[in-house]
Amino acid sequence: MAQVTVTIDGKAYRMACEEGQEEHLTELAERFDQYVGHLKSQFGEIGDLRITVMAGIMIMDELSEVTRKLGKLEAEVGALKASSDGTLESQRQNEQIVVSALGELASRLEGLTAKLNGRAPANMN
C-alpha cells in the first residue's frame, strides 16, 4: 500500500491507497479542500466537523444529480439502440421487397421482350 499526505483545511492527513493511485487521491483531497474552503468563506468558523459534514452533503448532492443525469442518458441510449435496431430491421424488409419487385419486373420484361421478338416466354407469371 502506498502512503500519501493530503491537506484539508490546512491540516495534513496521512492516508493509504493502492499503488499508482497516489495522484488520484491527492486530486480528490484538493477538490474536497475546495469545498471546505468555499463553505468556510461563506459561513466562517462554525467548527471543523460541521464544515466537513456540509462539504460531504454538497458532494453527495452533486453525485445524486450526476447519477440522475447518467440514468437519463442511459435510458436515452437504450431507446436510440432500440430505434436503431428497428430501423435496421425495417431497412432489411424494404430491401427484400425491392429485390422481390425487381425480380418480378425482370421476369415481366423478359416476357415482353419474348413477345416482341415473336417467341413464347420461358416462364411468365
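This is a short walk through the helices, one loop and a few single residues of the structure above. Please keep in mind that the model is predicted.

Let us start with the two helices, α1 (residues 22-43) and α2 (residues 48-116), whose axes come within 9 Å and cross at roughly 120 degrees. The two helices are therefore oblique to each other, since angles over 145 would count as roughly antiparallel and 65 to 115 as roughly perpendicular. The crossing of α1 past α2 is right-handed. On the α1 side, the contact is made by F32, Y35, V36, H38, L39, K40 and F43. On the α2 side, the partners are I51, T52, M54, A55, G56, M58, I59 and E62. Sorted by class, this contact of α1 with α2 has 10 nonpolar, 3 polar and 2 charged residues.

Now follow α2 along its length. With 69 residues at 1.5 Å a residue, α2 should span 102 Å, and its end C-alpha atoms are 99 Å apart, which agrees. The buried residues of this helix are I51, A55, G111 and A114, and the buried residues of α2 pack against α1. Just after α2, G118 takes a positive phi of about 80 degrees.

One residue of α2 to look at is T67, which has its place in that helix. T67 is partly exposed, because its relative accessible area is 48% and exposed would need over 50%. In sequence, T67 and E22 are 45 residues apart, while in space their C-alpha atoms are 26 Å apart.

Helix α1 offers a residue of its own, T26. At 27% relative accessibility, T26 also counts as partly exposed, because buried means under 20%. What is T26 in contact with, leaving aside its neighbours within four places in sequence? The answer is V4 and V6. T26 can also be placed relative to M15: the two are 11 residues apart in sequence and 9.7 Å apart in space, C-alpha to C-alpha.

V4 and V6 lead us to the strands, as β1 covers 2-8 and β2 covers 11-17. In the loop between β1 and β2 you will find D9. D9 has a positive phi of about 55 degrees although it is not a glycine. Is D9 buried or partly exposed? With a relative accessible area of 24%, D9 is partly exposed.

Methods
Residues are numbered from 1 along each chain as its sequence is written. This is a predicted model: local features need pLDDT of at least 70, side-chain atom pairs count only at pLDDT 80 or more; totals for chains, interfaces and linings use all residues. Side-chain values use heavy atoms; hydrogens and water are left out. Axes are lines fitted to C-alpha atoms, for helices over the stretch in contact, and angles run from 0 to 180 degrees between N-to-C directions. Helices (H or I, at least four residues) and strands (E, at least two) are DSSP runs, numbered from the N terminus. Angles under 35 degrees count as roughly parallel, over 145 as roughly antiparallel, 65 to 115 as roughly perpendicular and the rest as oblique. A crossing is left-handed if the near helix is turned anticlockwise from the far one by less than a right angle, and right-handed if clockwise. Contact means heavy atoms within 4.5 Å. Ala, Val, Leu, Ile, Met, Phe, Trp, Tyr, Cys and Pro count as nonpolar, Asp, Glu, Lys and Arg as charged, and the others, Gly among them, as polar. The expected span of a helix is 1.5 Å times one less than its number of residues. Buried means under 20% relative accessible area, exposed over 50%, partly exposed in between (1.4 Å probe, protein chains only).
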